[in-house]
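Reader: Hi! I'd like a close look at just one part of this structure, and I'm still new to this, so please go slowly.

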Amino acid sequence: MTGDGLEIRQSSASVWGSSTELRNLKVVSKYIDTSTCIGCKACEVACQEWNDLHIVPTEQAGTYQTMPSLDANYWNLIKFREVEANGSFLWLLRKDGCMHCGDPGCLKACPAPGAIVQYQNGIVDVNPEACIGCKMCETGCPFDVPRYAAATDKMAKCTLCVDRVQVGLEPACVKACPTGCLHFGEKTEMVALGNARVDQLKKNGFAQAALYDPPGVGGTTVITVLAHGDRPEWYGLPKDPQVPGAVRFWKNVLRPLGALAIAASFFAMVGHYLAFGPKEPRPDGGSPKDEPGKRNDGAEKTKGDGPR
Amino acid sequence: MRRMALTDRPPQNGMGDPAMALARRTEDVVVGDEIVRERLSARLVHWTVALTFFVCLFTGLPIWTPYLGSLANLFGGLHVCRVLHPWAGVAFAAASVLMFGQWVSQMKLTPADREFLTPRGLLRYFQYRNEDADVGKYNGGQKLLFWAAALGALGLLATGLVMWFPLGFGQRLREASYLLHDVAFSLFFAMIIGHIYLGTAAEPGTFRSMIRGTVTKSWAQLHHPRWYREVTSQRPKTDT
């Protein structure tokens, strides 16, 4: 079903494109319905088990949440958020993890060729072998997802179980979910499913329900149904996520300008030499008393020293 | 005065250059038709800065752009560059501090230097039409280079530290550091290209001032006439 599509669409710090762009490969998607999540954390356990991640000590912060935020050893975290609004109280649960952006800021910021790749099927993956541990991806990500593993000097995050997807299986978290709030399939199908659920929510009194697939990052491969779709920040999601403008400016404008300045300096010097040549004392220059007979000490090996 | 007696004699085979011997600790002394310009400590600190700069440059360029990725092979790969670059940067900054201390007292910009640094003054300099200029031991451009290098090293260090430990800083500061590190590097490298050109091909006889520490009288007269007059008009001094 969705097992193909592992041709690379784009790769970090690559000089040339990585894809033929010829094959019409399917784009996949993980669907998350926050309105039917019961916070059972089966997805967290499944993620840890499938990916053979180390056990991470839980850290209590006064909620049901396993730990305050994602970790290099913990890629899938249910966020339990309490929101007071319009005189009522909301307990909002959302599965946090990599959104697998269509236009990934991490990949844009990454300086290591091939350390972050995006497959044709939309999955954004990390290649630890190429990762140099510079942490630039953390600045590029608008969702605060990539995590640095100090022990190995590598970045880590959700792979959308690319090792399962490539053999036609759904991600471990989807497999484990008991309520059906997680689904996996072709993106068009998942968007249709999400829109249907949004319509259902609207009929049930959630007039602002929406499907979170933010266009500012080229859409996301992980799409999220929000009952309060007008307030994604209640769920800990940015309202209009973008690849940081500074990162785009840095890579698209500043770097070429810098290269231009360096090249201009080089060619200006070459041009100056061709036009004016070296500046040397004239053979007839200086007063006679200032031009004592040259000492023949064999030391003046530097060419052009004094009149010749 | 024993030293001076030595320098008055032509060097003998196997005795080395007496001017260089004097250049270990002394500057602005005439020895035969040479003038001691940069003492050993100044030359050492200059080349320490240069060496650490080039390590920073060649480990930084492959991180800067994949087009120069093959430079990483000089050091054993991009991973090595990523580890080496910040430490070389710390060494570069430390050497820059020493260099600042070495030369700062001689780098005050005079009105004549400001005139030198006007577009008209620079044009005259690059068109070799400033032989009458009132140029002391360092011209306005050299002094500007000194201050720009100090400012650049400071900026590269400050932004580099944020880039080295980004998780301790906020998003906006990290973004600003990435941008400013790039700007500072680009301008610094462009400036150093000019510095190397002027110190070698454009002005023959200059490079030896950083190697042997001495220059010829005719070089000094051409490039630094006021310094030449000051040095030749006084009694040669010793390092004592």
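In strand S11 of chain A, which residue is the bridge partner of Ile32(A)? And could you tell me about the strand that Ile32(A) sits in, and then a bit about the rest of the chain?

Author: Sure! One thing to keep in mind is that this is a predicted model. The partner you're after is Thr224(A), which pairs with Ile32(A) from its place in S11(A).

Now for the strand itself. Ile32(A) belongs to S2(A), which covers residues 28–33 of chain A. S2(A) is mostly covered, with six of its six residues buried. What counts as buried here is having 20 or more other C-beta atoms within 10 Å of the residue's own. You can go through S2(A) face by face: Val28(A), Lys30(A) and Ile32(A) lie on one side, while Ser29(A), Tyr31(A) and Asp33(A) lie on the other. Both of those faces are covered.

Next, the strands that S2(A) pairs with. One is S11(A), residues 222–226, which runs parallel to S2(A) and is joined to it by four bridges. That's where your Ile32(A) and Thr224(A) pair belongs. Another is S9(A), residues 182–186, and here the pairing is antiparallel, over five bridges. To find a spot in that pairing, look for Tyr31(A), which has His183(A) of S9(A) opposite it. So if you walk along S2(A), Tyr31(A) takes you across to S9(A), and Ile32(A) takes you across to S11(A), with definitions of pairing based on bridges between strands.

Let's zoom out. Chain A has seven helices and eleven strands. Its radius of gyration is 29 Å, well over the 19 Å that the globule rule gives for 308 residues, so chain A is more spread out than a compact globule. The C-alpha trace spans about 105 × 45 × 40 Å along its principal axes. Of the 308 residues, 42% count as buried. If you take the contacts between residues at least 6 apart in sequence, 63% of them join residues at least 24 apart.

For another bit of strand pairing, try the open sheet of three strands, ordered S1-S5-S6 in chain A, where the pairing is antiparallel. Its edge strands are S1(A), 8–11, and S6(A), 124–126, each pairing on one side only. Neighbouring strands in this sheet are turned by 30° against each other on average, direction ignored. S5(A), residues 116–119, is linked to S6(A) by three bridges, and Val117(A) stands opposite Asp125(A) in S6(A).

How values were computed:
Residues are numbered from 1 along each chain as its sequence is written. Chains are lettered from A and ligands numbered from 1 in the order in which they are written. This is a predicted model: local features need pLDDT of at least 70, side-chain atom pairs count only at pLDDT 80 or more; totals for chains, interfaces and linings use all residues. A residue is buried if 20 or more other C-beta atoms lie within 10 Å of its own, exposed if 12 or fewer, and partly exposed in between; C-beta atoms are placed from the backbone. Helices (H or I, at least four residues) and strands (E, at least two) are DSSP runs, numbered from the N terminus. Two strands pair if DSSP finds at least two bridges between them. The radius of gyration is taken over C-alpha atoms; the globule rule is 2.2 Å times the number of residues to the power 0.38. Two residues are in contact if their C-beta atoms, placed from the backbone, lie within 7 Å. Axes are lines fitted to C-alpha atoms, for helices over the stretch in contact, and angles run from 0 to 180 degrees between N-to-C directions.
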